[in-house]
Amino acid sequence: MFSVSEEEEDRPHTSLVCQSYTREGSVEFRDGKARSDIVVQDHFRVDDVRVSGITMKHPRVGVLQVNLRGVSLGPRGLDSLHEKSVTLVNRKGKHGQNYLFTGFSDQASSPFPDAKDAAPYTGLWTPAQPLRMMTRGPGVKAANGGSSGVWSLLAEDRLGLPEEDVEGAEITSWTLQLCYNKVEETLRQEAQEEAFAHFDADNDGHLSMDEYQAALDELKRLNLPEEDLIDMFGELD
């Protein structure tokens, strides 16, 4: 099951709107690996990334490396050339069992605990690698500073426990939170609408091949990448 919610929060000198995308449904470990995907179809530039609500059953979490990965999603499917990942936790927790509402944020105050008796690691922890790495880039697609794409929670046994020792291990649920600057995103959308109206010469609501090419020529004149055009108007079939 997949759900989306939105909330707004105020920070000094900025106002962030945070979209939460929750994936519920068991994904079992196979050959020491489990991957749970969330498909984000919204298009906006991301200023903050958080992961929360991880509920995972595993008999020894200290062998796991857990990553968050973003892959851009285009008209023809996944774009493997635009992929980025960060490590949330790498073999921490020793012989502790399970995650229960475990989360990661660059704003958290404490690293993930390595003690077994801290299980099931409920709380918000700083990631092994900064989540802000996922916000780098000028676009609106995942792995290029944006939201649109397939976001995956990946857990991998780095020690290689026998299959019989991890029977029943699974990711049950998790939430991806993507936040954007409300003022900047409003300005970006207004600029996109203005640009579209400028190149849609016949005002029919879509760009013809000639209109699209004219927009592309203008981007080249400004020394901007074609991806900026795709982010704004999509890609012609």
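Biologist: Asp37 is said to form a salt bridge with Arg35. What makes this pair a salt bridge?

Modeller: In this predicted model, the closest N and O atoms of Asp37 and Arg35 are 3.0 Å apart. A salt bridge requires a side-chain nitrogen of Lys or Arg within 4 Å of a carboxyl oxygen of Asp or Glu, so the contact qualifies. The structure holds five salt bridges.

Biologist: Why is Arg35 called partly exposed?

Modeller: Its relative accessibility is 44%. Buried means under 20% and exposed over 50%, so a value in between counts as partly exposed.

Biologist: How are the two partners of the salt bridge between Glu28 and Arg30 classed, buried, partly exposed or exposed?

Modeller: Glu28 has a relative accessible area of 43% and is therefore partly exposed. Arg30 reaches 58%, which is over the 50% cut-off, so Arg30 is exposed. Their side chains meet at 3.1 Å, N to O. A further salt bridge joins Asp48 and Arg50 at 2.9 Å, N to O, and both of these residues are buried.

Biologist: Why is the pair of Phe44 and Tyr180 described as tilted?

Modeller: A pair of aromatic rings is described by the distance of the centres and the angle of the planes. The ring centres of Phe44 and Tyr180 are 4.7 Å apart and the planes stand at 50 degrees. The distance lies within the 6.5 Å limit for a pair, and the angle is neither under 30 degrees, as for stacked rings, nor over 60, as for edge-to-face rings, so the pair is tilted.

Biologist: What makes this pair a link between distant parts of the chain?

Modeller: Phe44 lies in the loop between strand E3 (33-40) and strand E4 (48-57), whereas Tyr180 belongs to strand E10, and the two residues are 136 residues apart.

Biologist: How do you know whether Phe44 and Tyr180 are buried or exposed?

Modeller: Phe44 has 4% relative accessibility and Tyr180 a relative accessible area of 14%. Both values are under 20%, so both residues count as buried.

Biologist: Why is Ile38 classed as buried?

Modeller: Ile38, found in strand E3, has a relative accessible area of 0%, which is under 20%, so Ile38 is buried.

Biologist: What makes Asp165 eligible for the patch of negative charge on the surface?

Modeller: Asp165 is at 45% relative accessibility, and patch residues need over 30% and no salt bridge, so its accessibility meets the first condition. The patch also includes Asp31, Glu163, Glu164 and Glu167. Asp165 is placed in the loop between strand E9 (149-157) and strand E10 (170-181).

Note on methods
Residues numbered from 1 in each chain as written. Predicted model: local features only at pLDDT ≥ 70, side-chain atom pairs only at ≥ 80, totals over all residues. Heavy atoms only, no water. Patch = residues over 30% accessible without salt bridge, like charges linked within 9 Å, V, L, I, M, F, W, Y side chains within 5 Å. Areas by Shrake-Rupley, 256 points an atom, 1.4 Å probe, with all protein chains shown as cover. Lys, Arg positive; Asp, Glu negative; His and termini not counted. Charge placed at Lys NZ, Arg CZ, Asp CG, Glu CD. Helix = DSSP H or I, 4+ residues; strand = E, 2+ residues; numbered from the N terminus. Buried < 20%, exposed > 50% of the residue type's maximum accessible area, 1.4 Å probe, protein only. Phe/Tyr/Trp six-rings, centres within 6.5 Å; stacked < 30°, edge-to-face > 60°.
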